[in-house]
Amino acid sequence: MTSLEERFGDPYQASNPLGHAAIVAADERADLAAGAEAVLDDFGLNAEFVPRELGGRLVEVDALVRRLRPIFRRDAALGLGYGVTSFMAGLNVWLGGSDVQRKSLADLLLRGRKVSVGYHELARGNDLTANEFAARRAGESLVLRGRKEVINNVDRADAAVLFARTSDRPGGRSHSLLLVDLESVDPDRFRRLPRFRTLGLRGCRLGGFEFYDCAVADSSLVGDFGAGTDLALRSFQVSRCVMAGAGLGVLDAGLFAVLRFALARRLYGQPVAALPHARATLAGAFADLLTADALVTTATRALHLLPDSASVYAAATKYLVPLLLEDAMNSLSVILGARFYLREGEYAGFGKHMRDLPPLAIGHAGSVSCQLTMLPQLPRRLRELGEPAPAAVFAASAPLPALDLTKLRLLAPAGDPLLATLRENLAALPGTGAVRTLTAALDDLVTHTAGMPARDLGVQASPAALGVTERYSLLLAAAAATGYQRHNPEGTPWLQLAMSRLARRLTPSPAPPADEREAEDALLADLVTRAEQGFGFCFDRDRVYRTLSN
Amino acid sequence: MKYAAFDMAERLEQVLGDPADPESVFSYARCADLDDADEFPADICRILDDFGLQRRYIPVEFGGELADYQDCVQMMRMIARRDVTVAVAHGKTYLGAVSAWVGGSSEQSARLAETITAGIPVSWSLTEQAHGSDLLAGEVTAHALPGANPPAYRLNGEKWLINNATRGGALCVLARTREAGGPRGFSVFLVDKATLSPDAYSHVPKLHTHGIRGADISGIRFSDAVVGAEGLLGAEGTGLETVLKGLQLTRTLCCALSLGAGDHALAVATRFALKRELYGHKLADLPAARHKLATAYADHLLTEAFSVVGSRAIQTLTGEMSILAAAIKYLAPTRTEAMITQLRRLLGARSLLRDVHEHGSFGKVERDHRIVSLFDGNTLVNLNALINLFPILLRAADNATAPDEEGLRQCTDLAVQLPPTRHDRLSLLPRKGSSFLLGLPEAVAELTRLAGTDDGLAGLASSAGALRDALEDLYRAMRTQPSTPLNVPAPCFVLAQRLAACLGGAAILQLWLRNRDAALAHDTATTPLWRNGVWAQLALDRLLGELGVPHPAPESAYHTAFEVLHHQVSSGQLPSLFSVPLAEARS
């Protein structure tokens, strides 16, 4: 099958209907580039969202993330707008739906149709259990009332998965999930709300639903009555990993853009790419991209291998990866200078990518909700780190057991297999400053979390307590990075840079930054080689069709 | 605490009216619409003209009303807090004119003053498409016309990404007057479009930008445009020097844009947090969210304090502006960008939506403000400028050069009426080092003495001591760097960032020391910030973190800051160290 990259073609070719110029022009009209969705239809992208046993191509989640990358590398609004939300909706049904529901949703998606996922209410944000959209039982049916807002594809979805309050009582059993066939609901009691104008991801069709005492069949219920929160939070474990992974494509494209610029542009009598600061910035962004890739890869593989730990790993990944990516895009923009600010010209795509990256991270799982998922679990998890994770969680080519969504847990057990590997890996590495810093930070985290008072483990947590989740996430990234390099050795010293950057984030140091020019030069050389030979910048070195300028 | 420099700003506020009132011309609603349409805010600029704002761009000695740069900064801030686009569009005239104030003759300046007074925008044409910040590579040429009497020049070439290039009636243009170029190979020409023949120039159409979408960011192409000798500012070959001196002023004044953007972002986020219910609580009552707001406010106060000091230094420590301007132009925009990013995460989905929360103005101010770290020398240019000063600063420190005590006092004692600006004292190098850095040990000693009799100051004194030690460490690290390397090693940029942080910290201490008595003399809403050096300690907390020697301020200081912020935002006051009622306070 022709790859998506090849179908999309060279983004820098001005005449390419799916190149940056066309995408930026479409963005100006708050639209997707004409023909972009047809490419995905033709590719049968929806099949990637449907488990193989239901006729689709979804087997391994890390592979799904890699397959989505070309789309987000091209246009984040295309990735989200075409249908990652269909995948999010699907997860709930694959996990909790009846055989009939699973079959019918799979068929719908395999026919190329869209499904909306309706969690969000503007007044409630990430506070799921306060959701007000309600489904009331009346005989054989459920009566829907209320609104869901900022929902993707409402104007063209055939069905929607809706998160509804089904009990007035507070607590985790007060909501249920419904799969509603929008084509068959009473049109007088249901309305698709007009599209929201957005400042980023402008091509996405975000709207809403409103129901006015609209009856739907009892069989719309996904899973048990009152199981909505449980199903949603377990589905999030997969979607959080996938959405974090989607951002990798954006940074990959941004890194290419700035590399391309730095090689062509001359300043002070030499190419920008010869200036040490520019070289350090490019190499640093590359190291961060690989760190993020290692974390996403590990977290997605953990869904298969360590499913009972996935709630923490997915939350940490969704929390940290967008921060790493956004910071990297920011420092790259400094090299690009004024061109990142222009909505026209060769590098307009970079500014658009930079603008679209942060909203990609909001979704239905903003950073604080990820932190609040991790926080209450950390003391128990870190008391004893326990057995290290199996090598297969890092070894990218090792076969994975089938994804079993029912093994995902709301609360992870004691022990932290990934951090346990970090301890081993740090002990085996040469004792550089970064290794010492990370070792000390790990010890400190373990000691600190053991003594955290209960009041610091919920929404009322002190800022310092909430900050512990960031330190945990950074150490998890270090575990992923060291583990990845150990089981999939790369020839470049990327890990050295990755570690020193993670160490700096964890522990500020008054020492002047070390000169890491040798490692930076090696990473930059790798970047240039990949760019010249047509390979992407993530670990899998996927084939890309983008040209450096002449 | 009241600060007289805000008087004019308050008057301007009253003229402009409540920006939240969609009926007012200069409202958030209207600015959002203009932004959608990429439309220049012409009618809003006219209101500012009617107010006579442009006369504030003209120094008093040339017949204008610019007597205190601080007035100008705070007025521009009031405009930027409503819409950075308007501030950029109108304030550009000062940037356009500064070459004349710095390098022109009295006649030239007086002539330009008339142009400005008439409401004609003036533009500054420095950059070119192929060279960006590398001014020495500029290819626009000015050739002396052989045998012309009186002498005249012929301009050729294109200037690109120029604010108001199209709408401006006059421009100051940096052009190559010596084939070989070099530091003495460029000159600045004041070009009045009205005197050019129509075929001697054309405009590069407006470029579409991510932020300040309505601004006239365009270009101008000269083809044999003849400019008389009266257009040459200063002697031939002085162009680069004039521009670099002018940039010392404009880079410092750019802080007004960051302050205004920060004012707005903070206010939007605070209002949101005060209303928003989440997990059964008001968002603003959740400790982590409250801390995030207080931290943002600490950053904002830091930027404000450094900006006040920096812009007062134009008139009091004029010869030190090379270092101050670079440090402020680095610190103010990057701090503000980081602050807005943090606040955006608090806002969540609303930061993405155009019509749901306050006209989408949070997302707009984030986009708009990003221009500030780009123009007038971007972040790297300013850090480079600081790196170039390492040797001279080390020499001053090694020689224990005495700080300019009188300059420091005039600069930081806000009760002091500023002396007139002496543009002739601007210097490309701070020959005697930086008085703020040289005066830091004595400031710390003074604080330590105060803390000896006042326990409440122990925290600030300890942070100040850490700052002094950090500066010593920084000097040590600077000494290990090669002097004037061809290609600056990457770690040098981190040292330059730390230098900016030390300078900012030193300025903050001076500002607090010289004004604490006045601030505590009358009880106002901002008094809790000044008592026990709360704001200074918070600001140092932020800076010491960046210096790698964390000295967290106590949670009680953050709590105090949040309470003041809460009060200021809910009562229509500026989020500031000073008591400044905004137009909102009256509605």
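Over the ring of which residue does the charged end of A:Arg137 sit? In this predicted model, the answer is A:Phe225, with the charged end of A:Arg137 placed 4.3 Å from the ring centre. A second arrangement of this kind involves A:Arg543, whose charged end sits over the ring of A:Phe535 at 5.3 Å from its centre.

I turn next to contacts between rings. A pair of aromatic rings is described by the distance of the centres and the angle of the planes. Searching the whole structure gives 23 aromatic pairs over all chains. For A:Phe340 and A:Tyr341, the ring centres lie 6.0 Å apart and the planes stand at 80 degrees, so this pair is edge-to-face. Both partners can be described by their accessibility as well: A:Phe340 is buried at a relative accessible area of 6%, and A:Tyr341 is buried at 3%. Elsewhere in chain A, ring pairs join A:Tyr12, A:Phe256, A:Phe261, A:Phe286, A:Tyr347 and A:Phe537 into a cluster.

Let me now take helix packing, beginning with chain A. Helix α11 (residues 367–374) of chain A packs against helix α15 (residues 463–487) of chain A at an angle of about 85 degrees, and their axes are 9 Å apart. On the angle, α11(A) is therefore roughly perpendicular to α15(A). Which residues of α11(A) and α15(A) meet? From α11(A) they are A:Gln371, A:Leu372 and A:Met374, and from α15(A) they are A:Leu466, A:Thr469, A:Tyr472 and A:Ser473. Sorted by class, this contact has 4 nonpolar and 3 polar residues, with no charged residues.

In chain B, I would draw attention to helix α7 (residues 239–253) and helix α8 (residues 255–275), whose axes come within 4 Å and cross at roughly 5 degrees. That crossing angle makes α7(B) roughly parallel to α8(B). On the α7(B) side the contact is formed by B:Arg251, B:Thr252 and B:Leu253, and on the α8(B) side by B:Cys255, B:Ala256 and B:Leu257. The class composition of the contact between α7(B) and α8(B) is 4 nonpolar, 1 polar and 1 charged residues.

Finally, I present three individual residues and their surroundings.

Is B:Asp35 buried or exposed? With a relative accessibility of 5%, B:Asp35 counts as buried. This residue belongs to helix α2 (residues 28–36) of chain B. Setting aside residues up to four places away in sequence, B:Asp35 touches B:Arg213, B:Lys364, B:Arg367 and B:Asp368.

B:Leu457 lies in the loop between α16 (440–453) and α17 (458–479) of chain B. The residue is buried, with a relative accessible area of 4%. Its contacts, apart from neighbours within four places in sequence, are B:Leu450, B:Ala451, B:Trp512, B:Asn532 and B:Gly533. From C-alpha to C-alpha, B:Leu457 and B:Leu447 are 7.8 Å apart in space, at a separation of 10 residues in sequence.

The last residue is A:Ala244, which is located in helix α7 (residues 228–264) of chain A. Its relative accessibility is 2%, so A:Ala244 counts as buried. Which residues does A:Ala244 touch, not counting residues up to four places away in sequence? They are A:Val296, A:Thr317, A:Lys318, A:Val321 and A:Leu325. As for A:Val393, which is 149 residues from A:Ala244 along the chain, the two C-alpha atoms are separated by 18 Å.

Notes
Residues are numbered from 1 along each chain as its sequence is written. Chains are lettered from A and ligands numbered from 1 in the order in which they are written. This is a predicted model: local features need pLDDT of at least 70, side-chain atom pairs count only at pLDDT 80 or more; totals for chains, interfaces and linings use all residues. Side-chain values use heavy atoms; hydrogens and water are left out. Rings of Phe, Tyr and Trp (its six-membered ring) pair if their centres lie within 6.5 Å; planes under 30 degrees apart count as stacked, over 60 as edge-to-face and the rest as tilted. Buried means under 20% relative accessible area, exposed over 50%, partly exposed in between (1.4 Å probe, protein chains only). A charge sits over a ring if NZ of Lys or CZ of Arg is within 6 Å of the ring centre and within 35 degrees of the ring normal. Axes are lines fitted to C-alpha atoms, for helices over the stretch in contact, and angles run from 0 to 180 degrees between N-to-C directions. Helices (H or I, at least four residues) and strands (E, at least two) are DSSP runs, numbered from the N terminus. Angles under 35 degrees count as roughly parallel, over 145 as roughly antiparallel, 65 to 115 as roughly perpendicular and the rest as oblique. Contact means heavy atoms within 4.5 Å. Ala, Val, Leu, Ile, Met, Phe, Trp, Tyr, Cys and Pro count as nonpolar, Asp, Glu, Lys and Arg as charged, and the others, Gly among them, as polar.
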